[in-house]
Structure formats: structure tokens, C-alpha cells
Number of protein chains: 2
Amino acid sequence: MKNNFEVYREQIEKHLKTALPEKSANFQVLYDAMRYSLYAGGKRIRPTLMQLSFEAVGGEGEIVPYLCAIEMIHTYSLIHDDLPAMDDDDLRRGKPTNHKVFGEATAILAGDALLNEAFTWMLQDALEHDDMRRVQAAHVLAEASGSEGMIGGQILDMQSENKVITLEELQNIHIHKTGALIAAAVKMGAILGGGSPEEVMALTFYGKYLGQVFQIVDDVLDKTSTDEELGKPVKSDVKNNKNTYLSFYDVETCYKIAEELTAKAIKCLERVQGDTQLLEELATSLVHRKN
Amino acid sequence: MKNNFEVYREQIEKHLKTALPEKSANFQVLYDAMRYSLYAGGKRIRPTLMQLSFEAVGGEGEIVPYLCAIEMIHTYSLIHDDLPAMDDDDLRRGKPTNHKVFGEATAILAGDALLNEAFTWMLQDALEHDDMRRVQAAHVLAEASGSEGMIGGQILDMQSENKVITLEELQNIHIHKTGALIAAAVKMGAILGGGSPEEVMALTFYGKYLGQVFQIVDDVLDKTSTDEELGKPVKSDVKNNKNTYLSFYDVETCYKIAEELTAKAIKCLERVQGDTQLLEELATSLVHRKN
């Protein structure tokens, strides 16, 4: 039997399929490259979180452009991260990376185009609904993706390679590199769903804790999982001499910390009026995920 | 004595200086790279056009975030265009290209961050003013920069290298690669200034003609100018075996076509209620520019 999150994931896959044209008179190669990475699977954790948060505050109707936009932005960041000048990765989600298939130049442009498309679609939707709340959600995403968010984290991450850093510095990288977008997902859902300021804040904190859990478990899985299970080469952190939680703690302690943070995340949900059962389940499942 | 456009350009330079922080606790390198290219000079033709169009339809107040956003997006596209995987250029506006100074990885991220920053700032401004017209302007920019606009043009340009293409195909590249953003600049100014639908349309067409003129003159200058005058290596089109207007026409005919298109652009201005004197002057000056 499918669990709840598989149902959400399938729904999101269906939305994503409508996000980019299959045929284009002018730009077939570009769309092929965009589609290749956007449809390469993945957990779709960010749009799932957004949808659950939206429902928890009593949101009604559909928020498809925002679900797709955050996944487009996540995907663009992976395409650029995998480039030879960056992490130089050959494999992503079990498939050759974008530049391996389409060449570097097209991969750079496909990433740029996904970022642009995310904003184009969100703003078009906000205009059609004449709804400032939707503009606010787009703004949250822009901020979380930019220099004070995800991109800032990528820079910090780059600068820390082959260096010994403190635990605080490591957490600072994570808060920006992966945490910002995960927290943004939850916050956007709460805003789009019309949550109260208190609910928006509580859910944002929930998202921040979850972002930390996500990263800790990522670090652990890179050590304990297999290539097949993870869909990308494991042990890459050690190979690239990367700072991770395992530079500071053993696996057992990492899981203990992750569980404590998950408990804090779940505690935040008390301040949300609606049904937060699924957000609680998702938080718990993130600690115990296998890929 | 300064001409009108130098006054506008200086004003825009001043706005741009406020666009990015000089000091950053976390992300100094990133902001240094962003500032390096954003403040490398250039004609600032896009924000100048936006401001003139805004004034022509009777716009009041300031539109700083939008002036800066279009220049940020133009700058990001240049940074990515210059990368080794793309045009592999060492010199831009008389200075070493971004990746030559900061390395490829930082250059990619600085480009990404400029694109994000453009949207963050515009949307923040739209929210502060609670103004859907501003959202509409941001949407115009997103669309013009994306896969159906500038990025689409970059893909077409790449695909056409070392190939013989038709004049129609060349024009299709230009309409997207450079024309989309120039037309967007004028259109955004008209929207932000509260122009009537007829004025917005007339000014958009003015912008489209101007984009073509801009590109034709660019092609000619690459042949007839010097490195010093142009601030970048001339004769690069021949060296890179690029298709340009000079593959189809001699210099004299190119100028004749440019003048015809300029006349058409100026004709569009008749449908604008306000004072379009400066827009007319700018159009004329674009044909005769030396860099």
C-alpha cells in the first residue's frame, strides 16, 4: 500500500509534467535539458512540505505554480552544483548529470532558464489571481534562493572545502545551503494557505529544524548507504574532503541529534490551528529515510 | 557639456551602488564578484530606456528596483556568457571577465545570485507599495529573460555557431538574445508609469525596433571599431565564425537598414501622449554610437 507521501509525490510529479512544454518550435534542446533534470525523480520533499503546510492552515484551492517553482529552483541548483567547475559530478539521482548529457553550456543555460521559469510562472499566477499573498510567497522563495540563502550557502560550502571548520561554521553552511529552501517551502505553504502570522512563524521554525535534520541524515547516508540505494555515489564527502556532521559526531550521536531536532520541529506544530498529523509524520519519516 | 543620457547614466550608476552591500559578514566573496561585474560600467542602455519610457507616459516617483533589476539580469547574462564553456572571453568592458578574477565556480554563483537578487528586490518593492502594476513589470522581465526570451536566444546563438544560417534565423536569434530585454525595458517603464494599453504597446514596439538596431550596430562595430574604443576584443565575430548582419550585408547597407528601423521606432512614439523627445534622441544616437 502507498503511504501518504507517495500519494503527494505522485500528485506533484503530475503537476511538474505540465510545467514545461514537450515540443518547442525554437528551443527544443533547451527544454529537453530542463525537462531531463526536472523529471529525473527525487523525493519532491520541498513541494510536499509546501502542500502539507498549505493544508494544515486550511488553505483551499491549488498552488501548483509554487509547488513546481520550488522544485525548479532546487533542480537548477543541482544542475549548476554538478558542473565541472563546481562539484564535477557525473551521476545524479542514478542518471548522468545534465552537463554529461547536454554539454556544459546548455546545462548552465538550462539551470538559468529553470530559475527564470519559476518566477515567470509564479508572477503570472499572482497577476491572474490579483493576489498579493501569492506575490509574498514568490518573494519568500526569491530571498531563500539568493545570496543570503541557498547561493550564500553554496559559496560558504565551496570556501570550506579542504579546510578544517568549526561545528558552528558547518551549521551556518547547512542553514543556508539546504535549510533556507526547506524552510521557505513550509513558509510559502503557510502564507498561500492564509495562515495567521503566528502560524506562519511556527511553521517556518518547523521548517528550519527540519532542514537541519535533513542535512544531518544526508551526511550519515553518504557514509552508511550504497550507490544503488542513494542514486548517487556514496562516500563522496570523504573523497572530496568535505566537512560533515561525521567530522564531529559518530553515526549514533548524529541520529540522536536528528531526533532531538525532530522533536523540536513537532513541538512547533502545536501553534498551528489545523490538522498537522501529516507534517508530524513527515518529520519523523525524514529521520529514518534510507535515501 | 554632458548630454542628457550621460546625466541619466550617472543617476543609474548611483542607484546601482546602493543595490548590493559593500560588506557582508558571511558572503564577502560572493558580493565582491557580483559587484565587480555590476559596477564594471557599460552603457546602462536598458535602465535608461526604462526611465525614459516611464517619464514619457507621465510616471511619477522612483522605480529604482526595476532599473537596477534589469541591469542585474543583463550583467548575470554577460557573466555566464563569458564562461569558458560558453564564449570563453577574457575581457569585458575593458576588464578581465568575472571568472578570470574570481574563478569559474564563483562566477557561476555570482550570476545566479544577481538573477535572484533582481527578483527579490522587485517583489519586495511591489509588496511594500502593495502595487500589482509593479508585479506586472517584474513578470515582464521574468518572461523576457527566460527560455522564450534571452536564454532562448543564447541557445539559438550557440546552435548556429560554425553553421550557415539564413537572415531570418539570424534575426530570430537577435529578437530573443538582445531584443527581448531591450523591449522589456521600455515596456516595463511604460507599465510602471501607468501608460495606457495603447501606449504600452506602442512603446513595446519602439523597443523591439530599437533592439534590432542595437544588434546591427553591434555587429558593425565589431568589424569597424578598435579594442580600446569598444572595451572588448573586436573582430571576435569573424574569429568565432559567428553569423552576423555582415554575413549578409556590407557596412553601408547595415547602416541603411538600421536607419530605416530607427525611423520605424520613432514612428511608434506618435501614439504616446507625453513628451517623447528624449526617446527619439536616444533612438537616433543608438545608430551612430561608437561603442
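Start with the largest nonpolar core, which has 195 residues; select A:L49, A:Y206, B:L49 and B:Y206, the residues with the most contacts inside it. A nonpolar core here is a set of buried Ala, Val, Leu, Ile, Met, Phe, Trp, Tyr and Cys residues joined through side-chain atoms within 4.5 Å. Buried means under 20% relative accessible area, exposed over 50%, and partly exposed in between (1.4 Å probe, protein chains only).

Before going on, some ground rules. This is a predicted model, in which local features need pLDDT of at least 70 and side-chain atom pairs count only at pLDDT 80 or more, while totals for chains, interfaces and linings use all residues. Residues are numbered from 1 along each chain as its sequence is written, chains are lettered from A and ligands numbered from 1 in the order in which they are written, and side-chain values use heavy atoms, with hydrogens and water left out.

**Stop 1: around B:L49**

Zoom in on B:L49 and show its contacts (heavy atoms within 4.5 Å). Leaving aside neighbours within four places in sequence, you should find B:I182, B:A185, B:V186, B:Y206, B:L210, B:L279 and B:L282.

While in chain B, pick out two cysteines. B:C254 is buried at 0% relative accessibility, and B:C268 is buried at 13%. A search for disulfides (cysteine sulfur atoms within 2.5 Å) finds zero over all chains.

**Stop 2: where the chains meet**

Now color by chain and look at the contact, which takes 50 residues from chain B and 50 residues from chain A. Together the two chains bury about 4400 Å², 71% of it on carbon and sulfur atoms. Buried area is the accessible area (1.4 Å probe) that two parts lose on being put together, summed over both.

Between chain B and chain A there are ten residue pairs in polar contact, both residues at pLDDT 80 or more. A polar contact is a pair of N or O atoms within 3.5 Å; within protein, one must be able to donate a hydrogen and the other to accept it, and residues adjacent in sequence count only if both atoms are side-chain atoms. Salt bridges (a side-chain nitrogen of Lys or Arg within 4 Å of a carboxyl oxygen of Asp or Glu) number zero between chain B and chain A.

On the side of chain B that touches chain A, select α2 (28-38), α4 (64-82), α6 (104-129), α7 (132-145), α8 (150-160) and α9 (167-192), each of which supplies at least two residues. α6(B) gives the most, with 16 residues. Helices (H or I, at least four residues) and strands (E, at least two) are DSSP runs, numbered from the N terminus.

**Stop 3: helix α8 of chain A**

Select residues 150-160 of chain A. Nine of the eleven residues of this helix are buried, so α8(A) is largely enclosed by the rest of the structure. Among the buried ones are A:M150, A:Q154, A:D157 and A:S160. What do the buried residues of α8(A) pack against? Show α4 (64-82), α7 (132-145) and α9 (167-192) of chain A, together with α2 and α6 of chain B. Just after the helix, A:N162 takes a positive phi of about 60°.

**Stop 4: A:R93 and its partners**

Move to A:R93, in the loop between β1 (91-92) and β2 (95-96) of chain A. A:R93 is partly exposed, with a relative accessible area of 22%. A polar atom of its side chain lies 3.0 Å from the backbone oxygen of A:G41. A:R93 also forms a salt bridge with A:E71, the closest N and O atoms being 3.9 Å apart. A:E71 lies in helix α4, so the pair ties together parts that are 22 residues apart in sequence. A:E71 is buried at 1% relative accessibility. Add A:R9, A:E13 and A:R44 to see the network of salt bridges that links them with A:E71 and A:R93.

Switch to chain B for B:R93, where phi is positive, near 50°, in a residue other than glycine.

**Stop 5: helix α10 to the far segment**

Finally, select A:D218 and A:R289, a salt bridge with the closest N and O atoms 3.0 Å apart. A:D218 lies in helix α10 and A:R289 in the segment after α14 (277-287) of chain A, so the pair ties together parts that are 71 residues apart in sequence. A:D218 is partly exposed at 26%, whereas A:R289 is buried at 8%.
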